[in-house]
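Me: I would like a close look at one part of this protein, with the reasoning spelled out and the surroundings brought in where they help. Here is what I have in front of me.

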Amino acid sequence: MVSLAGSQILSPKQTPCAPRRPGRSMRTIRSTLLHPDSPWPFVLACVQALGPDAAPDTRRAAAARIRLLAKHRSDFRELVDISGAVPVLVPLLWSTDPLAQENAVTALLNLSLEERNRSAITAAGAIKSAVYALRTGTASAKQNAACALLSLSGIKENRATIGACGAIVLLVALLSVGSTRGKKDALTTLYRLCSARRNKERAVSAGAVVPLVHLIGERDTGTSEKAMVVLASLASIADGRDAVVEAGGIPALVETIEDGPAREKELAVVALLQLCSECSSNRALLV
C-alpha cells in the first residue's frame with residue numbers, strides 16, 4: 001500500500017465546518033470532527049490522494065482506505081461524504097484499473113448505506129457509473145455495483161433512471177453467470193427495480209424469466225425464494241405471464257408446492273396466483 005502520511009492535510013481546527021446534513025445537528029458533526037480520535041484529517045488526505053493528478057497506485061490505495069473507513073460506522077460515512085470524497089470516487093468507476101474500480105464502487109456502496117448520503121451520490125453521477133462497473137468490473141465489483149444500485153434505488157425516483165441506463169440486462173446476466181452471492185444481489189436489486197412497470201418490461205425483454213425458473217430449482221442456496229418473488233412481480237404484466245408459461249414456470253412452481261419447504265410453498269402459491277388472476281388459459285394449465 002502507498003502511504004498517505006506525506007499528503008498535505010488540514011487539521012479539523014483549520015478546516016471550515018462542513019454543512020449540516022438533515023437529521024444530524026451541527027453540534028454532533030462538530031463534536032465528531034474535533035474529537036481527538038476523529039478520522040477527519042485522514043479522510044481529507046484520502047480525498048486529496050484521489051485527485052486526477054495523483055498516481056494510479058495512490059488513488060487505488062486511497063479508495064481502498066475510504067472503502068474500509070465507510071464499512072461499519074454511520075458517523076464515519078457522513079464524515080467521508082461531507083469531505084467531498086463522493087465526486088472524486090465516482091470517476092474511478094470508469095477506471096481501467098480493475099482494483100481501483102472495485103475499491104471505488106465498494107466505497108460508494110458503503111457510503112450509500114447511510115440514507116442521507118444517497119442524494120449526494122446520485123447527484124455526482126453514480127448511477128450511470130455504477131452501471132458501467134456492473135458491465136465491466138471484476139466479479140466482486142459487479143456484485144457490489146448491483147448492491148450500490150439497490151441502495152440508490154431506495155430513492156424511488158432513481159428506479160426508472162437505473163433501468164434506463166441499462167442495468168436490467170446486466171442484472172439478468174448475473175442470474176446466469178454470477179456466483180451465488182452475485183445471483184442473490186441481482187435478484188434483490190431486480191425485485192426493487194421491478195416495482196416500476198417499465199422495468200418489468202425491460203426484465204422480460206432481457207430474458208429474465210428463463211434463469212428465474214431455473215433458480216426455483218436451486219434449493220438450499222437462498223436463491224429459490226428470491227427467484228419466486230421476482231417471478232411473481234414479472235407475472236403481474238401480460239408479457240411476463242406469457243414468458244413464465246413458455247419457460248415452464250407453472251410445472252416448476254407446482255413442484256415446489258409439492259416438495260418444497262413451507263416458505264417456498266407459500267411463495268410458489270403467490271406466484272401462481274399472480275399468473276392465474278387475469279388469465280383463464282393459465283388457470284386451465286394449472287388445473
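Is Arg263 buried, partly exposed or exposed, judging by its relative accessible area?

Reply: The model is a predicted one, and every value below should be read in that light. With a relative accessible area of 44%, Arg263 is partly exposed, because that figure falls between the 20% under which a residue counts as buried and the 50% over which it counts as exposed. The side chain of Arg263 takes part in a salt bridge with Glu266, and the closest N and O atoms of the pair are 3.5 Å apart. Glu266 is itself partly exposed, at 46% relative accessibility. Both residues belong to helix H18, which covers residues 262-276, and because they are three residues apart there, about one helical turn separates them. As a general point, an α-helix has 3.6 residues a turn, so residues three or four places apart point the same way. Side chains of opposite charge can then pair when their charged atoms come close.

To set this pair in context, it helps to look at other salt bridges, of which a search of the whole structure finds 11. In helix H13, which runs over residues 197-205, Glu201 and Arg198 are likewise three residues apart, or about one turn of the helix, and their side chains meet in a salt bridge with an N to O distance of 3.5 Å. Glu201 is partly exposed at 28% relative accessibility, and Arg198 is partly exposed at 46%. In helix H12, made up of residues 180-193, Asp185 and Arg181 are four residues apart, which again places them about one helical turn from each other. The side chains of Asp185 and Arg181 form a salt bridge at 3.2 Å, N to O. Here the two partners fall into separate classes of accessibility: Asp185 is buried, with a relative accessible area of 13%, whereas Arg181 is partly exposed, with 40%. Elsewhere, Arg77, Glu78, Glu114 and Arg116 are joined in a network of salt bridges.

A useful contrast with Arg263 is Arg159, an arginine that is buried and yet has no salt bridge. The nearest side chain of opposite charge to Arg159 is that of Glu157, which is 7.8 Å away, and because a salt bridge requires the nitrogen and oxygen to be within 4 Å, that separation does not qualify. Arg159 sits in helix H10, residues 158-164. Leaving aside residues up to four places away in sequence, Arg159 touches Ser153, Gly154, Arg192, Leu193, Ser195 and Asn199. Another residue of helix H10 is Thr161, which is partly exposed with a relative accessible area of 37%. The C-alpha atom of Thr161 lies 7.8 Å from that of Ile127, although the two residues are 34 places apart along the chain.

For the buried end of the scale, Val230 in helix H15, residues 223-234, counts as buried at 2% relative accessibility. Apart from residues up to four places away in sequence, Val230 touches Leu187, Leu190, Tyr191 and Leu212. The C-alpha atoms of Val230 and Cys194 are separated by 8.0 Å, with their positions 36 residues apart along the chain.

Whole helices can be described in the same terms. Of the 15 residues of helix H6, 13 are buried, so this helix is largely enclosed by the rest of the structure. Helix H6 covers residues 98-112, and at 1.5 Å a residue it should span 21 Å, which agrees with the 21 Å between its end C-alpha atoms. At the start of H6, a side-chain oxygen of Asp97 comes to within 3.0 Å of the backbone nitrogen of Leu99. Helix H2, residues 40-49, is also largely enclosed by the rest of the structure, since seven of its 10 residues are buried. The buried residues of H2 include Trp40, Leu44 and Cys46.

Finally, a word on cysteines: the structure holds zero disulfides. Cys147 counts as buried at 16% relative accessibility, while Cys165 counts as partly exposed at 29%. To return to your residue, Arg263 is partly exposed at 44% and is paired with Glu266 in a salt bridge.

How values were computed: Residues are numbered from 1 along each chain as its sequence is written. This is a predicted model: local features need pLDDT of at least 70, side-chain atom pairs count only at pLDDT 80 or more; totals for chains, interfaces and linings use all residues. Side-chain values use heavy atoms; hydrogens and water are left out. Helices (H or I, at least four residues) and strands (E, at least two) are DSSP runs, numbered from the N terminus. Buried means under 20% relative accessible area, exposed over 50%, partly exposed in between (1.4 Å probe, protein chains only). Lys and Arg count as positive and Asp and Glu as negative; His and the chain ends are not counted. Contact means heavy atoms within 4.5 Å. The expected span of a helix is 1.5 Å times one less than its number of residues. A polar contact is a pair of N or O atoms within 3.5 Å; within protein, one must be able to donate a hydrogen and the other to accept it, and residues adjacent in sequence count only if both atoms are side-chain atoms. A disulfide is a pair of cysteine sulfur atoms within 2.5 Å.
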